[in-house]
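Please look over the structure shown below before reading on. A visitor and a guide then discuss it.

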Amino acid sequence: MGLRVFDTMTRTLRDFESLEPGQVRMYVCGPTVYNYFHIGNLRPFLFFDVVRRYLEYIGYDVLYVQNITDVDDKIINRANEAGTTAAEVAEAYTRAFFTDLDAMGVRRATVHPRATAHIPQMIELIEKLVSGGHAYVQDGDVYYRVRSFPSYGKLSHQSLDELAAGARVAVDERKADPLDFALWKKAKPGEPSWPSPWGPGRPGWHIECSAMSMNYLGPTLDIHAGGSDLVFPHHENEIAQSEAATGHMFARYWMHVAYVNIEGTKMSKSLGNIITVRELRRLHEPAVLRHFLLSSHYRTPLNYSGEALAASTRAVGRLRGTYQRLARIASEPGHSASPAAAVSEMIESARGRFVSAMDDDFNTANAIAVLFELAREANAAADTGISPAEASLLLHAFDELGSVLGFYTSAPSQSSTSNVDGIIRILTDIRQKARQNRDFATADRIREELQKLGIILEDTPEGTRWRVEDRFEDGGSGPA
RNA sequence: GGCGACAUAGCCAAGUGGCAAGGCAGGGGUCUGCAAAACCCCGAUCCCCGGUUCGAAUCCGGGUGUCGCCUCCA
């Protein structure tokens, strides 16, 4: 069948075909580093990490570029409030961005270009637009002339007249048309600035992405993506700039991820309901957040709620339980009998269904369902008894498919090296003696007291095992 | 006003014409000293009203409701 991708431009599911066979050039709009990013930002970052992993899984070499916008009004404002420089604000939150993404298991892009390191490329692009009649200079500012680009609006499916009619933006008399947008902003006193043919200033937001994406990936990208709110005006403007400058199609596929709502409403600073990833990491482990964010299709809105995260916590616990069970069996000394055909078929079938799901516009919800189905089959097989070789085969299947979704990449281990394990061992040995003497009161007391500490004991034919309880802590009213 | 999305079991969520995936919660079993884990079984008039069709959650028309974009925003 092959991979099919929903393209915002055509609003259809299209067969995916890259410009260069075997290679995908992908650009995803990155953060403006003026604050910690939140769960709504995380969704596209995480999703396109999975897109990248899947493209690699099916054999593509992926060139993945994600920008860092490190010069911007919001950064400047933030610096002024904090009494520091824009560069320092940007530096601090860039570091935080990577710290949080790394913690989430989101792999770094091939390149993370910073806007301030690509000013010459932006100036060059703006000059090209000015000389081509697509931009005009107005007292140190440079604006893009939207009326000069006949197909303006093709991504968001709006005509210029429709946009003009709905515009709620105050008219700026320096612009020839209200919809024209700034390519270069003249520096105000105290603002960071760079020299340019039009005087000192800084780049507009939209031009950054055009300049950096084309700098690393050439005039035509395979995939250009971001959150759904970037469709207009950001991506629309990027198309206008890029295509007017190069005469080439800018991106072959446009992908946009829907919003994350919180308790039914959009996150906004005025409502104070923003949940940063920094905060979230304290409440939930990465696998749980990944499960939650990937459990619905990327083009449908997702609602963050305590209940949903609790469900994800338990769901992940189930997958992990199966994984650890298989790992235990696989590590048993056992003979090296060749695995039964039934197990191979089980895995082959799961792999096929997994690929079908992902090929269908990255249907991660279905892909996850395949993992659960395989887990149930694997558990059922383990109940009747499987060989270490079979367990090992299943384990590899979970590794293989799980790694596409980024699961199992940082499965917390029961650190058998710490003394905690030793201490619990002592208690379970005592408890075991009590059970043998049919002193169940003592045995149950030990189990109950440990449970209060979040340690679950499980008696099995092979002895007592312990694990840390999957604790869910409700985020309550949000960040502290 | 323009453009668009969504409405499926108590909750979350797949499913674009042919007996309604998966997860969480719940009920009943198997196993267990009792639990836990695991496995098996149980659960849906697919928002409403029309229409097309042998057949519709799925297509068409009309409602109702929720949400998003059109301004910085993932």
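The following exchange takes up sheets, helix pairs and single residues in turn.

Visitor: What kind of model is this, and how are its parts numbered?
Guide: Residues are numbered from 1 along each chain as its sequence is written, while chains are lettered from A and ligands numbered from 1 in the order in which they are written. Side-chain values use heavy atoms, without hydrogens and water, and local features need pLDDT of at least 70, side-chain atom pairs count only at pLDDT 80 or more, and totals for chains, interfaces and linings use all residues, for this is a predicted model.

Visitor: Which strands stand at the edges of the open sheet of four strands?
Guide: Strands (E, at least two residues) and helices (H or I, at least four) are DSSP runs numbered from the N terminus, and two strands pair if DSSP finds at least two bridges between them. The order in this sheet is S4-S3-S9-S10, with parallel pairing. Pairing on one side only marks the edge strands, S4 (61-66) and S10 (251-257).

Visitor: Which residue in S10 stands opposite His 224?
Guide: Strand S9 (residues 221-227) pairs with S10 in the parallel sense over six bridges. Opposite His 224 in S10 stands Trp 254.

Visitor: What angle does the direction of helix H6 make with that of S3?
Guide: Helix H6 (residues 205-217) packs on the sheet and touches S3 (23-28), S4 and S9. Contact means heavy atoms within 4.5 Å; axes are lines fitted to C-alpha atoms, for helices over the stretch in contact, and angles run from 0 to 180 degrees between N-to-C directions. The direction of H6 makes with that of S3 an angle of about 160°.

Visitor: In the sheet of three strands, which residue is the bridge partner of Asn 261?
Guide: This open sheet has the order S12-S11-S13 and mixed pairing. Strands S12 (265-266) and S13 (302-304) each have a single partner strand, so one side of each has no neighbour in the sheet. Strand S11 (residues 260-262) runs parallel to S13, joined by three bridges. The bridge partner of Asn 261 in S13 is Asn 303.

Visitor: Are helices H12 and H13 roughly parallel or roughly antiparallel?
Guide: Helix H12 (residues 364-384) packs against helix H13 (residues 388-405) at about 165°, with the axes 11 Å apart. Angles under 35 degrees count as roughly parallel, over 145 as roughly antiparallel, 65 to 115 as roughly perpendicular and the rest as oblique. The relation of H12 to H13 is therefore roughly antiparallel.

Visitor: How many charged residues belong to the contact of H14 with H15?
Guide: Helix H14 (residues 419-436) and helix H15 (residues 440-452) have axes 7 Å apart. Among the residues that meet are Leu 427 and Arg 431 in H14 and Phe 440 and Arg 447 in H15. Ala, Val, Leu, Ile, Met, Phe, Trp, Tyr, Cys and Pro count as nonpolar, Asp, Glu, Lys and Arg as charged, and the others, Gly among them, as polar. The contact of H14 with H15 has seven nonpolar residues, one polar, and charged residues numbering three.

Visitor: Is His 134 buried or exposed?
Guide: His 134 lies in the loop between helix H4 (119-131) and strand S5 (135-138). Buried means under 20% relative accessible area, exposed over 50%, and partly exposed in between (1.4 Å probe, protein chains only). Because its relative accessible area is 15%, His 134 is buried.

Visitor: How far apart in space are Lys 74 and Tyr 34?
Guide: Lys 74 is found in helix H2 (residues 73-82) and counts as partly exposed at 37% relative accessibility. Lys 74 and Tyr 34 are 40 residues apart in sequence, and their C-alpha to C-alpha separation in space is 6.3 Å.
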